[in-house]
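Trainee: I should like to go through this structure and ask what the terms applied to it rest on.
Mentor: Please proceed; we shall set each value against its definition.

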Amino acid sequence: MKHLLDFEKPYIDLQRRLEELREQPEETDVPLDIGDEIRQLEEKIEAKKRELYSNLSAWQRVQLARHPQRPYSLDYINKTFSGFSELHGDRLFHDDHAIVAGFAMLGERRVMVVGTQKGRDTKENIKRNFGCAHPEGYRKALRIMGMANRFGLPIVCLIDTAGAYPGVAAEERHIAKAIAINLREMTLFSVPMISVVIGEGGSGGALGIGVSDRTLILENAYYSVISPEGCAAILWKDRAAAPQAAEALKITANDLHELNLVDEVVPEPLGGAHNDHNAMADTLRDALLRNLNELEQIDPEIRLQERYAKYRRHGKYIEG
Amino acid sequence: MVPPMADTPKKTLGLETVEPAVTPPTDVEPAIEKKPVSPGTSRKREIPQGLWTKCPECGEMIFDKELEENLKVCPHCTHHFPTTAWDRINALTEPESFQETEADMISVDTLEFTGTAAYADKLEKHKEKTGLKDAVITGIGRMGDHEVALGVMDFNFLGGSMGSVVGEKITRIIELATERRLPAIVISSSGGARMYEGMFSLMQLAKTSAAIAYHGRQGLPYLSVLTHPTTAGVMASYASLGDLIISEPKAMIGFAGPRVIKDTTQSELPEGFQTAEFLMERGLIDSIIDRTEMKARITEYLDYLCLNLKKG
Ligand SMILES: [Zn+2]
């Protein structure tokens, strides 16, 4: 338990007591009913967890989405997929390590997988730029998706980024245009496309690899037009109002699903994806394969029309 | 001539608060501040009756009628004052030719967004202030011999922010252009996506870009005109997708706001950063055109781009 979130403490304390109990028998005089006590404690922990994780606030989910032990794109690429064969570079300028892409097997299927990639430690975060891509990252993604499209490989995009990088070089090389081009071109790829928000879905930087036939989101991930802190800074004039902003923006998986802004919520193991990488990876594989099976039944032209219609529907207004 | 009043009429736009894909709430007034000249001053013999505006760039006082006739461009130094969507439409299209589409579409507060101020109240305030229903006007008009589908944003309405109405109206006018095989032009002026509409706003980026994808696939030209300021979500969608990308001089153009960039990178910004001129030098913009020349130059571009356009 290296990284503890505040709201996890109630059951973590119980968990510690459980571990103490389990270690005790060797050393002390053990009452015979300790087995019962352990079982009771286990049940209590389970109940506590269920109660806790079914009532999380938007802000608590944001904490889970940013959890440093949460599986990142490469964790899924190695566990949900197999045989990953990475491809590099935008053929124009650079190989942006904030986005990874390459061939992979999904079950028995050959697909192209693309994902924004965060780092686990300082060294890796420097390499990955904290998962915030520059224009060349979006161009790399586009080049590789374009190739997948030409050779009929389905595309899976994994989204986990606080946003596109707000830096001088990114602006000088036209980050906004790079994202816009991806939005336009991804509309027209005729292969099946699935995107999954696995952690943070940070605004245009997330959408830049997010246009798809099916948009999936993990139970504790979020997807937002602006970071809760950024929204709080502008509308509340105080970044500390981020929890209120997170609530107001309706950014949780369940909120977005209710608003028809995502197609499917993928459940996470109890306590969040970081508690069980393998179980999470398996659940995601099942969801991806089921969606891919469905999409492959559809005629490519119809699939394109449906993709257009899906984005066409997004928006609430009064005709007047 | 001695300027009748020396106040600086222009406030800053407050763009430092722009975050990626999002607009600031902008209670900012980018419009020109009028200074009525009292006939009772001691200089009254030198000053004609009426309204004057001081140019923030060159300091000259400009008679408002002259400023209006020059499309709110300073006749002394060509400083481009903020203007409105309707003024742009009137300046660009042939008289009586513009027919507005979706004129009555209005925003709804789907998320019931209440931060420090309620979105619903903001909408009412800006409708009243601008006389507009939302931040874009769309329609079909004529420029020279060309019938064009036109979308013109207005920064005065909630910072030109893009919510569902802006996204839907832009999408519909592009779709209409595709259907009627017309060139499309969008004149942008926006702080970005409208955060009061949450993810509905972000999805407008994808929706408008998708409409442009199909317009382009039909071999139809799309021109994007950037005006001060065009940033964030609008820049990350239709404003960046023109076959031609044109800008007014000195327009501020970018994705992230300068304050955010400074805070993130802890470094100084280069001179002229995120201006039209800076971005033309770096390959984004085809041409920078004065507002007074915009109609003639766009019409000329259309003469080339529509040369082989067959009416379907
Ligand atoms: Zn001037």
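Trainee: Which residue follows α6(A), and what is the sign of its phi?
Mentor: G152(A) follows α6(A), and its phi is positive, near 70 degrees. This is a predicted model, in which local features need pLDDT of at least 70, side-chain atom pairs count only at pLDDT 80 or more, and totals for chains, interfaces and linings use all residues. Residues are numbered from 1 along each chain as its sequence is written, while chains are lettered from A and ligands numbered from 1 in the order in which they are written.

Trainee: What makes the span of helix α6 of chain A agree with expectation?
Mentor: Helices (H or I, at least four residues) and strands (E, at least two) are DSSP runs, numbered from the N terminus. The expected span is 1.5 Å times one less than the number of residues. For the 16 residues of α6(A), 135–150, that gives 22 Å, and the end C-alpha atoms are 22 Å apart, so the two agree.

Trainee: Which residues of α6(A) are called buried?
Mentor: Among them are Y138(A), L142(A), I144(A) and M145(A). A residue is buried if 20 or more other C-beta atoms lie within 10 Å of its own, exposed if 12 or fewer, and partly exposed in between, with C-beta atoms placed from the backbone. The buried residues of α6(A) pack against elements of chain A including β1 (82–87), β4 (155–161) and α8 (175–188).

Trainee: How do you know that the buried residues of α13(A) share a side?
Mentor: In α13(A), M280(A), L284(A), A287(A), L288(A), N291(A), L292(A) and L295(A) are buried. They cover an arc of only 130 degrees around the axis, taken from the directions from the helix axis to the C-beta atoms, which puts them on the same side of α13(A). The face turned away from that side carries the exposed residues N278(A), D286(A), R290(A) and N293(A).

Trainee: How many residues of chain A are in contact with chain B?
Mentor: 47 residues of chain A are in contact with 58 residues of chain B, where contact requires C-beta atoms, placed from the backbone, to lie within 7 Å. The largest share of the chain A side, nine residues, comes from α8(A).

Trainee: What makes β9(A) and β5(B) a pair?
Mentor: Two strands pair if DSSP finds at least two bridges between them. Two bridges join β9(A) to β5(B), residues 106–107, so the criterion is met, and the strands run antiparallel. In this pairing I318(A) stands opposite I106(B).

Conventions
Two residues are in contact if their C-beta atoms, placed from the backbone, lie within 7 Å.
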